Amino acid sequence: MTLVVIGIDGMDWDFVNRFKNDLTFFGELLDKGLGRRLYIDVRPDTGPSWICAFSGLTPRETGIDHPFVYLENIRGLPKHKELVPRMKELIAKRVFLWDQFEHPWVLGIPVCFPPININAELKDWLPVILPTTPDEARKSITLMTEMLKEALKKEYDLYCMVYGAIDKIQHIAKDDRTIFEFYSLIDSCLEELELGERNWVILSDHGRPLPRSHSRNGVIFSNIAPLPEKMTQVHSWLVRNS
Ligand SMILES: [Zn+2]
């Protein structure tokens, strides 16, 4: 059995619903009852929330309670020295979803930075995973979609990747029109993929930015029913269905 897991960092349930008539792919999934709000019942920030999605572990259990986990000095920001051994321990203990598959393809998973890649290579990952301009964000979505499309032609048992662009755009864009452009781009990219008969899941780790964190209204879409309601249920639900 193959499973396709597509993460969309920061995709917001309220935003998707507000624009569902203009989003062909997501609108149709909602009409078919294949999507719902995913309540983020762990810290609604990229690092802790994706760690929970892919391992089932909460910040209390991992000791990793920081929005981003930098394993190196990145963009002049210091690495999180105290978090490096904790993150390396999680990786060594094989707690993540992809560790349960024999032949996984994994791209750009932001449980830490540099992100996790398996059987996939990103030469210059920074502008792809953490774009800082609309142009970088557009290229990022296009490139990751192309890479997934190519991977889907090969026989992996898990295809797993996370688009980083939506969260970054929501932090830098001043207006909903700009943000909508990126929801719309992902909408058409996902429509093109034709996921067909495979089991597939599309989910986010949190919603739009709030003054100190993010909205807890994430999204989950899937052709596997019933859908989980909150983030701490996602990992065991994925394992059960893979
Ligand atoms: Zn995030």
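Two strands are taken to pair when DSSP finds at least two bridges between them. In the predicted model described here, strand S1 (residues 3–8) and S5 meet this condition, being joined by 6 bridges and running parallel. Within this pair, Val 5 has Cys 160 of S5 as its bridge partner.

The protein chain as a whole contains 10 helices and 7 strands. Its C-alpha atoms occupy a box of roughly 45 × 45 × 35 Å along the principal axes. For 242 residues, a compact globule would be expected to have a radius of gyration near 18 Å, and the 16 Å found for the protein chain therefore agrees with such a form. Of the 242 residues, 44% are buried. Among contacts with a separation of 6 or more, 63% link residues that are 24 or more positions apart.

The 7 strands are arranged in an open sheet of mixed pairing, with the order S2-S7-S6-S1-S5-S3-S4. The edges are occupied by strand S2 (35–39) and strand S4 (116–118); each has a single partner strand, so one side of each remains without a neighbour in the sheet. On average, neighbouring strands of this sheet are turned by 15° against each other, direction ignored.

Strand S5 (158–163) also pairs with S3, in the parallel sense and over 4 bridges. In this pairing, Leu 107 is matched with Met 161 of S5. Because 6 of the 6 residues of S5 are buried, this strand is largely enclosed by the rest of the structure. The side chains of S5 are divided between two directions: Leu 158, Cys 160 and Val 162 point one way, whereas Tyr 159, Met 161 and Tyr 163 point the other way, and all of these residues are buried. Both bridge partners named above thus belong to this buried set, with Cys 160 in one group and Met 161 in the other.

Helix H7 (residues 134–152) lies across strand S3 (104–109) and strand S5, and runs at about 180° to S5. The two strands covered by H7 are those joined in the parallel S3–S5 pairing.

An antiparallel pairing is found between strand S6 (residues 199–203) and strand S7 (residues 217–222), which are connected over 3 bridges. In this pair, Leu 203 stands opposite Ile 220 in S7. The antiparallel sense of S6 and S7 stands beside the parallel sense of S1 with S5 and of S3 with S5, within a sheet whose pairing is mixed.

Key: Residues numbered from 1 in each chain as written. Predicted model: local features only at pLDDT ≥ 70, side-chain atom pairs only at ≥ 80, totals over all residues. Rg over C-alpha atoms; globule rule 2.2 N^0.38 Å. Buried ≥ 20, exposed ≤ 12 C-beta atoms within 10 Å, placed from the backbone. Contact = placed C-beta atoms within 7 Å. Axes fitted to C-alpha atoms, helices over the stretch in contact; angles between N-to-C directions.
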